[in-house]
Amino acid sequence: MSLIHRLAELRESNERALLFTAIEGDEAGAKVLVLESGEQVGDGLDQAVAQFDELIRRGRNHLIRLDDGSKVFAEWYGPPPRLLVYGAVDTAEAMCRGAKLLGWHSIVADARAKFATPERIPSADELIVEWPQEALAQVRPDHQTAIVVLTHDDKFDEPALIGALETEAFYVGALGSRRNQERRRERLLEAGVEESTLERIMGPCGLDIGADTQEETALSILAEILAVRAQREGGFLKDAKKRIHAEIE
Amino acid sequence: MKEILPEIDRWTENGEKVVVATVVATRRSAPRPLGASLAISESGKMCGSVSGGCVESDVFENAREVLATGEPKLLTYGIEDDLAWSVGLPCGGEIDVFLERVE
């Protein structure tokens, strides 16, 4: 089977992979495809392939400069990121609408069957009626998953956050006032969560854009998720020192 | 190349040689993101893009050469380029485009 045909198949699958192509030097044109499952098609470009774990987590294409000055282009393959919202509240619906705009896959979970209904959350790609641990076991968040906890109720929020922190999710956010965050922090510490692990929680979640309505709050949280994903601060572009686009030199 | 793989796959399955041009670096600003690509087949079919149409004609010329020789090529387009007046990027950015033949 040709590499092109293999790539065309990969594009339709849910498997993540990187296609490394040497673009300079003697090896220009050489290609190595590495799948997250460990399968590899082609040999060589070892120094670039060694960066697989880091690059696959970025979720985007990247140009790698090798020690000898040559360059390798890494093209990212995989399904869109997933957004898991725990708490089927109004903001969850607004977040799913925003996720659709981004082309992301949205999942809303809540233990309360009356809340997690298609009538209330029509925009979710998936609805799960389960307690946090069960919902997380079902979704199995990975490094391309963002988790937002929205219930405002300790009996859901706390296990949801503890469970979320046990995953590789690239973003873990929680609503709530500063006072609530502090109280929750104490309780999570008592529950045995490491202080350094707690630092992963973005709470109160969202960018400081003066969000008022559910839709505004959803946009503020989604914008923060994007900023975290691109390792940006999320301020005004006119004040930004970095380049505008995520992968521009 | 991901976005235009179905077309490239179809053309190569039909036995055509295809050149794929991919944006592999962008500086300052750029009309299309990293990884955007344009495919050109032996019979002259095209799909995708590497800019807003600013450099496609020059890429097309280079692609004919790559089709013939099979040697990949790395091109740079930008305002400092000699070709700026004819095929420069109006947005003031600079892009590197990698051309390779696939079969």
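Is A:Glu126 buried, exposed or partly exposed? Count its neighbours: A:Glu126 has 15 other C-beta atoms within 10 Å, so A:Glu126 is partly exposed. The cut-offs behind that word are simple: with C-beta atoms placed from the backbone, 20 or more others within 10 Å of a residue's own make it buried, 12 or fewer make it exposed, and anything in between is partly exposed. A:Glu126 sits in strand 8 of chain A, which covers residues 126-129. If you look for A:Glu195, it is 69 residues away from A:Glu126 in sequence and 32 Å away in space, C-alpha to C-alpha.

Before going on, a word on what you're looking at. This is a predicted model, in which local features need pLDDT of at least 70 and side-chain atom pairs count only at pLDDT 80 or more, while totals for chains, interfaces and linings use all residues. Residues are numbered from 1 along each chain as its sequence is written, with chains lettered from A and ligands numbered from 1 in the order in which they are written.

Now zoom out to chain A. It has nine helices and eleven strands; these are DSSP runs numbered from the N terminus, with helices being H or I of at least four residues and strands being E of at least two. Its C-alpha atoms fill a box of roughly 60 × 45 × 35 Å along the principal axes. Of its 249 residues, 39% count as buried.

Let's walk over to a sheet. Five strands of chain A form an open sheet in the order 3-2-1-5-4, with antiparallel pairing. Two strands count as paired if DSSP finds at least two bridges between them. Strand 3 (40-41) and strand 4 (62-65) of chain A are at the edges with a single partner strand each, so one side of each has no neighbour in the sheet. Strand 3 of chain A pairs with strand 2 of chain A (residues 31-35) in the antiparallel sense over two bridges. Want a pair to find? A:Leu33 has A:Val41, in strand 3 of chain A, as its bridge partner. Helix 1 of chain A (residues 3-12) packs on this sheet, touching strand 1 (17-22), strand 2, strand 3 and strand 5 (71-77) of chain A, and its direction makes about 30° with that of strand 2 of chain A.

Next, two helices. Helix 4 (residues 90-102) and helix 9 (residues 214-229) of chain A pack at about 55°, with axes 8 Å apart. Axes here are lines fitted to C-alpha atoms, for helices over the stretch in contact, and angles run from 0 to 180 degrees between N-to-C directions. Helix 4 and helix 9 of chain A are therefore oblique to each other; that label covers whatever is left once angles under 35 degrees (roughly parallel), over 145 (roughly antiparallel) and 65 to 115 (roughly perpendicular) are taken out. Among the residues that meet are A:Ala94 and A:Met95 in helix 4 of chain A, and A:Ala218 and A:Leu222 in helix 9 of chain A.

Finally, meet chain B. It has three helices and five strands, which run along the sequence as α-β-β-β-α-β-α-β. Of its 103 residues, 45% count as buried. Where the chains touch, 20 residues of chain A are in contact with 22 residues of chain B; contact asks that two C-beta atoms, placed from the backbone, lie within 7 Å. Helix 1 of chain A gives the largest share of chain A's side, five residues.
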